[in-house]
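Trainee: I would like to go through this model element by element. Please give the reasoning before each result.

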Amino acid sequence: MKLRISALNLLSLVDIADHVSIVIWLPGCTYRCPWCQNAPIVRGEHVKEVDNSELEDLFRDASVLVDYVHVTGGEPTVHPGELRIILELARRHGLKGSIATNASRPEMVLDLVEKGLLQHVAIDVKAPPCDAGLYGRVIGLPQKGAEAATKVVRLIKALLCSDKVELVEARTTVVPGLVEGREVEAIAENLSMMPCRSSEHDKLVYVVQEFNMYGEFLDPNFKVRSKDVERVNEEAWEAARKAAKRGLRVILRGSIRGVAEVKP
Ligand code: SF4
């Protein structure tokens, strides 16, 4: 059977905190974040077919080194068939399942969790959930901000309270002029009040991602000056430190500093 994917990375040390993964990108997305730098994937321009037997061979060979298969995009729930088949193949070869999602289709994610196909979920928290107007602007769908923010909060709560999920990553990318230090602090405050966290084993990790000015923007008019990028990435670092002081485990991910656990 042929599966349509955008790209595949056989070995990643940065996509899941503390774990090594195979990463598969699926094309298409439910949102239209103007600052998105994965425009060709979101528009479905980079698509190739792989046979599921090829994936099986890869998973079998990689299972000595890798512990997760991480499916990302775009938004991987746009392709429920491909997503499920990839995660089932992973499980068949003793690998755990992981998804990066914008939370626009929370029922599908929870269904995969219930079926035991996902042990790690990374969720974009694109803006403070209490600011529906900003949320809508950040995802490029102004009329959908309130709905998107509500879905994010509900999904994180459900996952934290599920005993089938081992690790939940909430991820925020800073964006000059839209999501800066103040917004990261507001998101961290919201996350620090999430239920079902335990001091012995906190499943929640907050990942603050620096802005990367390279790549192909979804909205070519989204012009970013390099000095704004430097400023917002410095703010991200400061906000991440403040978030760690709230008792959250915080990781900063960026092209300049790499991946670093942030100490309070
Ligand atoms: S940044 Fe926005 S548009 Fe780009 S893949 Fe993520 S959710 Fe989709």
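**Helix packing, sheet and loops**

Mentor: This is a predicted model. Helix 4 and helix 6 (residues 145–160) pack with their axes 10 Å apart, at an angle of about 10 degrees.

Trainee: How are helix 4 and helix 6 oriented to each other, roughly parallel or roughly antiparallel?

Mentor: The residues that meet are P106, V109, L110 and V113 from helix 4 and K151, R154, L155, A158 and L159 from helix 6. The angle between the two helices is about 10 degrees, and angles under 35 degrees count as roughly parallel. Helix 4 and helix 6 are therefore roughly parallel.

Trainee: Where do the buried residues of helix 3 sit around its axis?

Mentor: Helix 3 covers residues 80–92 and spans 18 Å from first to last C-alpha, close to the 18 Å expected. Its buried residues are E82, L83, I86, L87, L89 and A90. Because these cover an arc of only 160 degrees around the axis, they are on the same side of helix 3.

Trainee: Which residues are exposed on the other side of helix 3?

Mentor: The buried residues of helix 3 pack against strand 1, strand 3, helix 2, strand 5, strand 6 and helix 4. On the other side, the exposed residues are G81 and R92.

Trainee: Which strands stand at the edges of the open sheet?

Mentor: The sheet has 9 strands with mixed pairing, in the order 2-3-5-6-7-8-9-10-11. An edge strand has a single partner, so one side of it is left without a neighbour in the sheet; this holds for strand 2 (7–16) and strand 11 (258–262).

Trainee: What angle does the direction of helix 3 make with that of strand 5?

Mentor: Neighbouring strands of the sheet are turned by 25 degrees against each other on average, direction ignored. Helix 3 packs on this sheet and touches strand 3, strand 5 and strand 6. Its direction makes an angle with that of strand 5 of about 170 degrees.

Trainee: Which residue in strand 9 does R171 stand opposite?

Mentor: Strand 8 (residues 167–173) and strand 9 (residues 204–209) run parallel and are joined by 6 bridges. Opposite R171, in strand 9, stands V207.

Trainee: What covers the buried residues of helix 8?

Mentor: Helix 8 has 20 residues, 226–245, and reaches 29 Å, close to the 28 Å expected. Its buried residues are V232, N233, E235, A236, A239, A240, A243 and A244. Their cover includes helix 7, strand 9, strand 10 and strand 11.

Trainee: Is A103 buried or exposed?

Mentor: A103 lies in the loop between strand 6 and helix 4. Its phi is positive, about 70 degrees, although A103 is not a glycine. A residue with 20 or more other C-beta atoms within 10 Å is buried. A103 has 26 such neighbours and therefore counts as buried.

Trainee: How does C196 count in terms of exposure?

Mentor: C196 is in the loop between helix 7 and strand 9, with a positive phi near 65 degrees in a residue other than glycine. Because C196 has 15 C-beta neighbours inside 10 Å, it counts as partly exposed.

Trainee: What is the omega of the cis peptide bond from G73 to G74?

Mentor: G74 belongs to the loop between strand 5 and helix 3. The bond from G73 to G74 is cis, with omega near 15 degrees.

Conventions: Residues numbered from 1 in each chain as written. Predicted model: local features only at pLDDT ≥ 70, side-chain atom pairs only at ≥ 80, totals over all residues. Helix = DSSP H or I, 4+ residues; strand = E, 2+ residues; numbered from the N terminus. Expected span 1.5 Å × (residues − 1). Buried ≥ 20, exposed ≤ 12 C-beta atoms within 10 Å, placed from the backbone. Arc of directions from axis to C-beta. Contact = placed C-beta atoms within 7 Å. Pairing = 2+ DSSP bridges. Axes fitted to C-alpha atoms, helices over the stretch in contact; angles between N-to-C directions. Parallel < 35°, antiparallel > 145°, perpendicular 65-115°, else oblique.
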